[in-house]
Amino acid sequence: MTTDEGRAAVPARLRELPSRLLGQASAHAQRLVAEGLNGADARKWHYAALVALEEFGPASQAALSGRTGIHRSDLVAVINELAERELVERTPDPADRRRNVITLTPLGLRRLCKLEQLLTAAQEELLSPLSATEREQLTRLLGRLVEHHAHADATMGADGG
């Protein structure tokens with residue numbers, strides 16, 4: 001069965017259902033991102049943590065969790081992985097020695113640049129059928145959907161992917 005035959009076998013109401021199309025596009029996007037990052041022995045959570053630290057500066061684990069959408073218990077493992085690779089430093093907060101401050105290292109910044117190249121390539125592959133104007137429009141529309149629904153659904157955090 002060719003791709004056209006397979007598409008024709010799907011009922012039109014399914015082919016035109018926005019939630020189904022978003023789900024399929026999302027699954028493909030996640031696969032492209034995961035494959036690109038896996039090739040560099042990284043995960044989307046690594047990117048999310050590194051980019052948040054680069055953009056906002058050093059942060060407590062709680063603040064980093066809020067900025068990335070990574071649950072606090074999962075973030076500990078992410079920080080451990082990044083610290084083992086010397087991409088971040090974990091130091092006691094001078095204002096409150098019970099908590100840690102996470103800081104991006106120069107090596108972490110270089111790693112972030114590499115991951116951004118990989119993500120740019122994944123985005124390019126994902127959006128290749130669209131013109132630059134269509135890409136901007138799609139991004140704007142998806143952003144509106146996410147923003148609208150984020151207030152009602154706490155699971156729609158910034159996940160780095």
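**Close-up 1. Glu89 and its opposite number in a predicted model.** Glu89 stands opposite Thr103 in β3. Everything shown here comes from a predicted model. Thr91 also has a residue facing it across the pairing, namely Val101 in β3. Step back a little and the strands themselves come into view: β2 and β3 run antiparallel and are joined by 6 bridges. To get from β2 to β3, the chain takes a hairpin through 2 residues.

**Close-up 2. The other flank of β3, where β1 comes in.** Here strand β3 (residues 96-104) pairs with β1 through 2 bridges, and these two strands run antiparallel. Which residue of β3 is the bridge partner of Ala59? That would be Ile102. Ser60, for its part, stands opposite Val101 in β3. So if you're picking atoms to look at, Val101 is worth a click: Ser60 stands opposite it, and Thr91 does too.

**Close-up 3. The sheet as a whole.** Put the pieces together and you get an open sheet of 3 strands, ordered β1-β3-β2, with antiparallel pairing. Why is one side of β1 and of β2 left without a neighbour in the sheet? Because β1 (59-60) and β2 (88-93) stand at the edges, each having a single partner strand. Helix α4 (residues 44-56) packs on this sheet and touches β1, β2 and β3. The direction of α4 makes about 95° with that of β3.

**Close-up 4. Lys44 over Trp45, plus a blank result for ring pairs.** Zoom in on Lys44 and you'll find it over the face of Trp45, at 5.0 Å from the ring centre. What about rings pairing with other rings? A pair of aromatic rings is described by the distance of the centres and the angle of the planes. There's nothing to describe that way here, though: searching the whole structure turns up 0 aromatic pairs.

**Close-up 5. Helix α3 against helix α7.** Two packed helices are described by the angle between their axes and the distance between the axes. For helix α3 (residues 18-38) and helix α7 (residues 106-127), the axes come within 9 Å and cross at roughly 145°. The crossing of α3 past α7 is right-handed. On the α3 side, the contact is made by Ala25, His28, Ala29, Leu32, Val33, Gly36 and Leu37. Facing them from α7 are Leu115, Leu118, Leu119, Ala122, Gln123, Glu125 and Leu126. Sorted by type, the residues of this α3 and α7 contact come out as 10 nonpolar, 3 polar and 1 charged.

Definitions and conventions: Residues numbered from 1 in each chain as written. Predicted model: local features only at pLDDT ≥ 70, side-chain atom pairs only at ≥ 80, totals over all residues. Heavy atoms only, no water. Phe/Tyr/Trp six-rings, centres within 6.5 Å; stacked < 30°, edge-to-face > 60°. Lys NZ or Arg CZ within 6 Å of the ring centre and 35° of its normal. Axes fitted to C-alpha atoms, helices over the stretch in contact; angles between N-to-C directions. Helix = DSSP H or I, 4+ residues; strand = E, 2+ residues; numbered from the N terminus. Left-handed = near helix turned anticlockwise from the far one by under 90°. Contact = heavy atoms within 4.5 Å. Nonpolar A, V, L, I, M, F, W, Y, C, P; charged D, E, K, R; others polar. Pairing = 2+ DSSP bridges.
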